[in-house]
Structure formats: structure tokens, C-alpha cells
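Here are my notes for anyone opening this structure for the first time. Have the view beside you and take the points in order.

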Amino acid sequence: MSPESARRAEVAGYTNVKVFHEGIPVWKKAGKLIVSESAALKDLMDKDIAHVLIDLRDAGEAEKSFIPGAVSIPAKDLSVAKDKFPGDKSAPIILYADKLDEEAFKAVRSWGYGNTSLLNGGLASWTKDGGKAEKGKLATIISYVPKPRPGEIAIEEFKAIAEKGSPDKIILDVREADETANGMIKRATNIPESTVKNRLKELPKDKEIITHCATGIRAENVFEDLKEAGFKTRFLNAVIQIDKDGKYEITKK
């Protein structure tokens, strides 16, 4: 977990809390298992964020009840379904079955889809958490049309601001201090996500604030907070790794 999450866990009474400092980008790069929760899938749906949802159960079973938007590709047929998947390898791919199917996850990851995850608890958890289900024939063709999230800045524009600066924009790094100790973009300002709401007076109202973190998740959270507080803002929705010299590498999610 992140340093901030670790601190919260310790406050909650947990005594054997570990921090994986390399974070999710390194975890993904290593091909490790990623599990997502129903809330994350609901967030994708609510925000109309393009994704691919695959029902791995046998077609007959899936037709009895399935998550809206799911495409039926039974696990037994997955190995020959590679050509059905989108050309954009950054597409979020969510797989679900009655239990976590690690073999299916490994197969899709081996095709280069770095944003693949297994839905924890499958359909049962989805409906338990209040998600709607449908009955009938599922789609068998994947349709994936990526589109930017509201408030997302293009990677090339972010790079231009980071390299040359801008008189009417600032880059706000919302990672925790122990993360930024390993490197920050030159000219960026650091206010951790956990403290932003209490430090709004430190931010200029006459400039656009471009937020970033390590993966885009915290940056988007702060973007929402700043927008609600009346700031002009956008966020970087990408994985960024920064070294001690401030050199960085940005990877599209």
C-alpha cells in the first residue's frame, strides 16, 4: 500500500504494515496479479470511461445473469480469442468469473495488456455491492473506443509544461514526501493529496493547476477537490516515474 494508506492502517490499529515503495507501476511491469473491486468498475461505468469487461464463465451460465456491458469469452476459449482484443494495449481489461482466474489473467497480460485485472468476487460481489445485473445473450465482440477522462491533460502538453514552464500554469505533485524524496519534476510544487484540502490558500487562483502523482489516481482525486473549490485545474492520467535528477518517464495507462 501507499505510505499514506499505511499510516491510516497504523492509526486504525494494524501493527504489521508494510509499504511497497516501488508502487503499482513496478508491480504491473513485473506482471504481478492485479485485483480490482466492484467500486472501481462502477466508477468506470459512472464516469463513462472506456474499458473492456470479460465474462469468463460458460456462455449458458453467463446468460442467466451478467454484469451490464460484459462480453462473453469463456475461459476455455480465451487462448484462441487474442485477436478479439483491442489494438490499444493500454485498454483497461477487467476479467470476472465465479472465482479469481489467475490463468486467464496471465494469458491476457502476456498479450501486452498492462491494465488487466481480475474482478474480486465476480458477479456475486458486484450484485452484493448494489450493482445491477442483466439476463440474456451477451455480446461476443469487443468494442473499445478510448476517450480522455474529464479534466485529463494530454501527455505531450504536460511534457511541454514540465520542460519549458508556463507563466499561467503550475505543476502540482500530490505524492507523499517520502515518494518525492526520490525525485521531483523541476519547478513542480509538492502538496501531498492528504493535505491539499487544508492548504488551498497556498495555491494560486490566477493560474491553472496541473496535478500529477505516480499513477494518476491521486492526481484525479485532487483535481476533483480543486475543481470543487473553484480552481482552474487538470490532471495527468498516466504512470510517471521520476529519478533523483528530475528526469522522468511517462507511460500511458
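**Notes on the model**

1. Let's start in a loop. G69 sits in the stretch that links α4 (59–64) to β3 (71–72). This is a predicted model, so please read everything below with that in mind. Is G69 buried or exposed? With a relative accessible area of 60%, G69 is exposed, since the cut-off for that label is over 50%. Now look for A133: G69 and A133 are 64 residues apart in sequence, yet their C-alpha atoms are 9.8 Å apart in space.

2. Now zoom out. The protein chain carries nine helices and 11 strands. Its radius of gyration is 20 Å, close to the 18 Å that the globule rule gives for 253 residues, so the chain is as compact as a globular protein of that length. If you prefer a box, the C-alpha atoms fill one of roughly 60 × 40 × 35 Å along the principal axes.

3. How much of the chain is tucked away? Of the 253 residues, 43% count as buried. The accessible surface comes to about 13,900 Å², and carbon and sulfur atoms account for 51% of that. As for contacts, take those with a separation of 6 or more: 63% of them are between residues 24 or more positions apart.

4. A quick word on charge. The protein chain has 42 positive side chains and 40 negative ones. The centres of these two sets lie 1 Å apart.

5. Next, the inside. Which residues have the most contacts within the largest nonpolar core? They are I54, I73, L78, F85, I93, L95 and V108, in a core of 22 residues. Three elements, β2 (52–55), β4 (93–96) and α5 (102–110), each supply at least two residues of this core. The largest share comes from α5, with three residues.

6. L78 is a good place to park the camera in that core. Leaving out its neighbours within four places in sequence, L78 is in contact with L56, I73, F85, A104, A107, V108 and W111. Two of those partners, I73 and F85, are also on the list of residues with the most contacts inside the core, as is V108.

7. Over to strand β10 (residues 238–242), where you'll find I242. I242 has a relative accessible area of 13%, so it counts as buried, the cut-off being under 20%. Which residues does I242 touch, once those up to four places away in sequence are set aside? R175, N182, G183, M184, I185, H212, K247 and Y248. E179 is worth finding too: I242 and E179 are 63 residues apart in sequence but 9.7 Å apart in space, C-alpha to C-alpha.

8. Two backbone angles deserve a second look. D48 has a positive phi of about 55°, although it is not a glycine. You'll find D48 in the loop between α3 (38–46) and β2, and with a relative accessible area of 49% it is partly exposed.

9. The other one is R187, again not a glycine, with a positive phi near 75°. R187 is in the loop between α8 (177–180) and β7 (189–190). Is R187 buried or exposed? At 56% relative accessibility, R187 counts as exposed.

Conventions
Residues numbered from 1 in each chain as written. Predicted model: local features only at pLDDT ≥ 70, side-chain atom pairs only at ≥ 80, totals over all residues. Heavy atoms only, no water. Helix = DSSP H or I, 4+ residues; strand = E, 2+ residues; numbered from the N terminus. Rg over C-alpha atoms; globule rule 2.2 N^0.38 Å. Buried < 20%, exposed > 50% of the residue type's maximum accessible area, 1.4 Å probe, protein only. Contact = heavy atoms within 4.5 Å. Areas by Shrake-Rupley, 256 points an atom, 1.4 Å probe, with all protein chains shown as cover. Lys, Arg positive; Asp, Glu negative; His and termini not counted. Charge placed at Lys NZ, Arg CZ, Asp CG, Glu CD. Core = buried A, V, L, I, M, F, W, Y, C linked by side-chain atoms within 4.5 Å.
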